[in-house]
Amino acid sequence: MGKASDKMIPDCDVIVVGSGFAGIYALREARRRGFHVRGFEKAPDVGGTWYWNSYPGARCDVASYYYAYFFDREVVRQWNWSNVCAGQEEIQRYLRFAAEHCGIVDLISFNTTVRSATYSDDTGLWAVETLAKETLAKETGANETVLCRYLILAIGALSEPKTPDIEGVQNFAGEMYFTSYWPKDKVVDFRGKRVGVIGTGSSGVQVIPEVAKVARDVHVFQRTANYVVPTLAGPMNPAIVSSLRENPDAVRGKLRQTYGGNQPLNIGKHRFHELDEAGRLAALERAWEGHYVALAFWDAHLPEANAAISDFVRGKIRELVRDPRTAHRLVPWDHPLGGKRVCQSDIYFQTFNEPNVKLVCLRETPIESVTRDGITTSAETIPLDVIIYATGFDAMSGPVLAIDITGMNGLSMKQAWADGPMNYLGTMVNGFPNLFLPSSAMSPSVFSNMATLAEQQIDFIFDTVSWLEERGSARIHPRADSQKRWREETLQSAKRRPGALTTKSWYSGANVPGKPRVFMVYCGGFKRYHDACSAEVEGGFPSYELLPPAVST
Ligand code: NA7
């Protein structure tokens with residue numbers, strides 16, 4: 001039990017941890033609905049994932065038209081995006097603007113990490129233990145323990161960097177950077193330097209061309225070749241912008257009726273089987289030029305359509321990269337398009353035509369260790385001045401497990417999730433009453449537009465809270481059988497998505513050694529997910545257990 005578990009009066013109704021898309025909206029909703037709310041954020045500013053991932057080239061791969069809030073007419077009307085795919089700095093500025101517009105910035109204690117959250121069976125309250133930045137280094141202990149009735153961990157799906165599982169990382173004497181934790185207090189200067197980049201996921205694919213423009217040389221350490229397709233980037237279409245501004249509520253409603261919480265700007269008009277060989281090739285070429293190759297066919301999700309698109313992109317890589325040996329190594333052969341996150345760039349493959357860029361294929365020559373002066377592979381020692389780790393995240397369940405969470409009867413989240421995350425509708429866990437986990441595992445999450453998801457999940461959470469309040473401040477958690485059913489449904493939904501269960505990816509925890517393998521993204525689509533959440537609200541939460549008010553309160 002937490003230190004303050006015997007105190008019976010809460011310090012506030014709601015605590016929101018994190019201030020990205022979900023956290024900002026949660027703070028706004030809590031206050032709008034009349035709750036006394038506090039926020040905690042480990043960064044010095046709002047933005048969440050978009051605050052930390054400020055490496056050169058960081059950019060969103062969802063179109064700005066829809067990667068945005070729609071809950072507030074003025075936020076929609078006053079903000080002008082500069083590009084269809086906004087960069088990191090612009091998105092963080094947008095989130096700051098939205099937070100200021102909603103008047104919630106003063107509710108947040110910045111530079112404050114939440115270390116633990118402990119539920120009291122006696123009082124029904126959560127004790128949230130925080131550590132402010134000044135005390136972080138010394139590990140002197142918590143400087144505040146705050147009691148609340150509802151706890152919302154809006155801490156993101158990709159916010160817990162994966163510790164690089166590489167021998168000797170700390171031995172390197174040169175400069176070392178992580179894309180997930182890029183320095184804010186200096187401009188990193190690569191001019192004239194020998195740079196190594198480890199990792200070729202979305203972050204690596206974005207940072208590598210930027211570094212290659214100025215560095216003396218760049219060694220790209222690639223373990224798995226990835227699909228990289230043309231970006232959506234370009235000027236905003238004023239007609240779309242004004243149509244969104246006309247009726248943001250309608251846009252919000254429509255997005256929730258789609259598969260991905262998003263409106264694709266372009267999609268192939270024909271079904272795969274309607275076309276002959278020549279027709280398919282023409283459709284693929286059109287889609288490549290039009291920057292929507294992953295959706296080249298109306299039914300691009302069919303395995304045979306997906307296989308054709310995958311082959312087509314492989315062919316494009318061979319065309320774009322001049323050296324055939326390098327091209328061959330850059331071709332993804334072990335998974336279909338979509339098995340891992342599809343990366344976007346218009347300059348990534350072309351970068352390998354530059355004389356200062358060299359690909360190191362780790363499947364042929366694995367890294368043996370990082371040394372004081374560089375990286376040693378099984379074939380050579382490469383001297384480096386700088387190493388950039390673009391090695392990814394302990395995704396979805398990682399951020400939750402990084403906080404020491406204890407629920408009913410002293411059960412820890414680590415125990416509850418020993419075999420991988422279990423929850424119902426991606427938001428609540430059996431045995432952890434009134435704890436909400438937006439953006440975590442088992443929601444449409446990273447297969448959907450996270451901005452749409454943030455609004456939908458926070459609305460669902462506050463519909464749950466309001467329902468409880470109407471019944472005299474009881475406590476709620478999903479039944480064990482409900483979350484078992486939901487995990488099974490998530491697994492079944494993944495079976496219908498090409499490559500989902502056959503690819504080693506962070507979607508299933510395969511990127512973190514020792515992490516239980518559970519597919520963590522609900523693939524049934526946003527609409528079905530939203531409908532399932534609405535059915536709970538409308539039906540009086542039939543899949544949950546309502547606990548009586550705690551004895552002491
Ligand atoms: P990702 O997509 O997880 O990419 C991480 C990359 O780092 C990937 O290429 C990994 O290879 C590689 N990696 C990880 N560990 C190692 C070791 N030990 N040795 C060599 N290479 C390694 O993370 P990102 O940050 O790029 O993108 C995450 C999401 O953020 C992205 O999807 C967007 O939604 C935003 P692997 O594929 O595991 O063989």
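A polar contact here means a pair of N or O atoms within 3.5 Å. With that cut-off in hand, the ligand site of this predicted model is a handy place to begin. An oxygen atom of the ligand sits 2.5 Å from an N or O atom in the side chain of T224, so this pair falls inside the cut-off for a polar contact. The side chain of R341 also offers an N or O atom, 3.4 Å from a ligand oxygen. The backbone joins in as well: a polar backbone atom of A390 is 3.2 Å from an oxygen atom of the ligand. Taken on its own, the ligand would expose 780 Å², and 87% of that is buried by the protein.

The shell around the ligand is made up of 20 residues, and the ones that come nearest are K162, D165, S203, T224 and K340. T224 thus turns up both in that nearest group and in the 2.5 Å approach through its side chain. Sorted by class, the shell holds seven nonpolar, eight polar and five charged residues.

Next come the aromatic side chains. Two rings are described by how far apart their centres are and by the angle of their planes. Searching the whole structure turns up 37 aromatic pairs. One of them is Y348 with F352, an edge-to-face pair with 5.2 Å from centre to centre and 80° between the planes. Y348 has a relative accessible area of 2%, so it is buried. F352 is buried too, because its relative accessible area is 7%, and the cut-off for buried is under 20%.

Y424 and Y544 make another edge-to-face pair, because their ring planes stand at 75° with the centres 5.5 Å apart; for paired rings, an angle over 60 degrees is what counts as edge-to-face. Y424 belongs to the loop between α14 (413-416) and β18 (435-436), while Y544 is in strand β20 (residues 544-547), so this pair ties together parts that are 120 residues apart in sequence. Both Y424 and Y544 are buried.

Elsewhere, aromatic residues gather into a cluster. F21, Y25, W50, Y67, Y69, F71, W79, W81, Y94 and F97 belong to one such group. Rings also meet charged side chains. R471 lies over the face of W467, 4.0 Å from the ring centre. In a second case, R497 is placed over the face of F447, with 3.6 Å to the ring centre.

The backbone has a few points worth a look. H291, a residue other than glycine, has a positive phi, near 65°. H291 is located in the loop between α9 (277-289) and α10 (303-320), and its relative accessibility of 28% makes it partly exposed. N434 is another residue other than glycine with a positive phi, in this case near 60°. N434 is part of the loop between α14 and β18, the loop that also holds Y424. With a relative accessible area of 3%, N434 is buried.

Some other loop residues help to map the fold. V321 is in the loop between α10 and α11 (324-330) and counts as buried, at 2% relative accessibility. From V321 to Y348 the C-alpha separation is 9.8 Å, across 27 residues of chain; Y348 is the buried partner of F352 described above.

V214 is found in the loop between α6 (202-212) and β9 (217-222). Its relative accessibility is 39%, so V214 counts as partly exposed. The C-alpha atoms of V214 and P355 are 12 Å apart, although 141 residues separate the two along the chain.

Lastly, G525 lies in the loop between α16 (480-495) and α17 (526-538), and a relative accessible area of 3% puts G525 among the buried residues. Between G525 and V195, which are 330 residues apart along the chain, the C-alpha atoms are separated by 41 Å.

Conventions: Residues are numbered from 1 along each chain as its sequence is written. This is a predicted model: local features need pLDDT of at least 70, side-chain atom pairs count only at pLDDT 80 or more; totals for chains, interfaces and linings use all residues. Side-chain values use heavy atoms; hydrogens and water are left out. Rings of Phe, Tyr and Trp (its six-membered ring) pair if their centres lie within 6.5 Å; planes under 30 degrees apart count as stacked, over 60 as edge-to-face and the rest as tilted. Buried means under 20% relative accessible area, exposed over 50%, partly exposed in between (1.4 Å probe, protein chains only). Helices (H or I, at least four residues) and strands (E, at least two) are DSSP runs, numbered from the N terminus. A charge sits over a ring if NZ of Lys or CZ of Arg is within 6 Å of the ring centre and within 35 degrees of the ring normal. A residue is near a molecule or strand if one of its heavy atoms lies within 4 Å of it. A polar contact is a pair of N or O atoms within 3.5 Å; within protein, one must be able to donate a hydrogen and the other to accept it, and residues adjacent in sequence count only if both atoms are side-chain atoms. Accessible areas come from the Shrake-Rupley method with a 1.4 Å probe; for residues, only the protein chains shown count as cover. Ala, Val, Leu, Ile, Met, Phe, Trp, Tyr, Cys and Pro count as nonpolar, Asp, Glu, Lys and Arg as charged, and the others, Gly among them, as polar.
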